[in-house]
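This report describes the fold of one protein chain. The sequence and the structure come first, and the text follows.

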Amino acid sequence: MDKELSNYHLLLADEEATEALANQLAESIFPDLSTGYEPDLSNFDGARIYLQGDLGAGKTTFARAFLRALGVTGRIKSPTYTLLESYNVSRLYLYHFDFYRFSDSDEWQEAGFEEQLFDQAVVLVEWSEKANEQLPPPDLYLKLIYQDEGREAVLSAISDKGKQWLNNLNSQTKA
């Protein structure tokens, strides 16, 4: 058996590669997506993914593609000004946060976001570092780093669920 992954590095040549990674990660969390079936939520206890990287590195591109892979249709707006965009696909709740505009690490709590961060939902947070250590820990960090014309994606699993997702992702990319 392969060693359990805690970190995964991938070179993303362009926007399409970023979108492909988002689709693959969605499928590694919800394997039923590849069969066209609705995700099995019977044992789902939430997913928190924190996205990091410089401005323009591809965080929102990744988030949009990830949300589309989970079944969100229509316009997917960036939450840069609204701070939160929420979606519901069947029984699955999806929350996309952007803390870029925060100047104080307490602002996310003052805005009343605690409930969504602890829900049994899929939670994507851009600029999580602006909330310091006050956020609940993620299952997975995704850091996008400029690399020549493309980006390097560094995925770091924090929870056992995150490790399982990385192992699933690794299996998909080897197939």
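Two strands count as paired if DSSP finds at least two bridges between them. Helices (H or I, at least four residues) and strands (E, at least two) are DSSP runs, numbered from the N terminus. The model is predicted, and local features need pLDDT of at least 70, side-chain atom pairs count only at pLDDT 80 or more, and totals for chains, interfaces and linings use all residues. Residues are numbered from 1 along each chain as its sequence is written, and side-chain values use heavy atoms, with hydrogens and water left out.

**Overall make-up**

The protein has five helices and seven strands. Read from the N terminus, the order of elements is β-α-β-α-β-β-α-α-β-β-β-α. Of the 175 residues, 48% are buried; buried means under 20% relative accessible area, exposed means over 50%, and partly exposed lies in between (1.4 Å probe, protein chains only). A contact is a pair of heavy atoms within 4.5 Å. Among contacts between residues at least 6 apart in sequence, 64% join residues at least 24 apart.

**The sheet**

The seven strands make an open sheet of mixed pairing, in the order β1-β7-β6-β2-β5-β4-β3. Strands β1 (7-12) and β3 (84-89) are at the edges with a single partner strand each, so one side of each has no neighbour in the sheet. From one strand to the next the twist averages 15°. Angles run from 0 to 180 degrees between N-to-C directions, and axes are lines fitted to C-alpha atoms, for helices over the stretch in contact. Strands of a sheet pair through backbone hydrogen bonds, either parallel or antiparallel.

Four of the pairings are set out below.

| Strand pair | Direction | Bridges | Facing residues |
|---|---|---|---|
| β4 and β5 | parallel | five bridges | Tyr95 and Val123 |
| β2 and β5 | parallel | five bridges | Tyr50 and Val125 |
| β2 and β6 | parallel | five bridges | Tyr50 and Tyr141 |
| β6 and β7 | antiparallel | eight bridges | Leu144 and Ala153 |

Tyrosine 50 thus appears in two rows: its bridge partner in β5 is valine 125, and in β6 it stands opposite tyrosine 141. Strand β2 is mostly covered, with seven of its seven residues buried. The burial applies to both faces: Ala47, Ile49, Leu51 and Gly53 are on one side, and Arg48, Tyr50 and Gln52 are on the other.

**Helices α1 and α2**

Helix α1 (residues 15-29) packs on helix α2 (residues 59-69) at an angle of about 45°, and their axes are 8 Å apart. The two helices are therefore oblique to each other; angles under 35 degrees count as roughly parallel, over 145 as roughly antiparallel, 65 to 115 as roughly perpendicular, and the rest as oblique. Their crossing is right-handed, a term used if the near helix is turned clockwise from the far one by less than a right angle, with anticlockwise giving left-handed.

On the α1 side, the contact is made by Glu15, Thr18, Glu19, Leu21, Ala22, Asn23, Leu25, Ala26 and Ile29, and on the α2 side by Thr61, Phe62, Ala65, Phe66 and Ala69. These residues divide into nine nonpolar, three polar and two charged. Here Ala, Val, Leu, Ile, Met, Phe, Trp, Tyr, Cys and Pro count as nonpolar, Asp, Glu, Lys and Arg as charged, and the others, Gly among them, as polar.

Both helices also lie across strands of the sheet. Helix α1 lies across β1, β2 (47-53), β6 (140-147) and β7 (150-157), and runs at about 150° to β1. Helix α2 lies across β2, β3, β4, β5 and β6, and runs at about 165° to β5. Buried in α2 are Lys59, Thr60, Phe62, Ala63, Ala65, Phe66 and Leu67. Their cover includes α1 as well as β2, β3, β4, β5 and β6.

**Positive phi values**

Which residue with a positive phi follows α2? Glycine 71 does, with a phi near 110°. Tryptophan 127 is not a glycine, yet its phi is near 60°. Tryptophan 127 sits in the loop between β5 and β6 and counts as buried, at 12% relative accessibility.

Strands β6 and β7 form a hairpin with two residues between them, and aspartate 148 in the turn has a positive phi of about 50°. Is aspartate 148 buried or exposed? At 76% relative accessibility, aspartate 148 counts as exposed.
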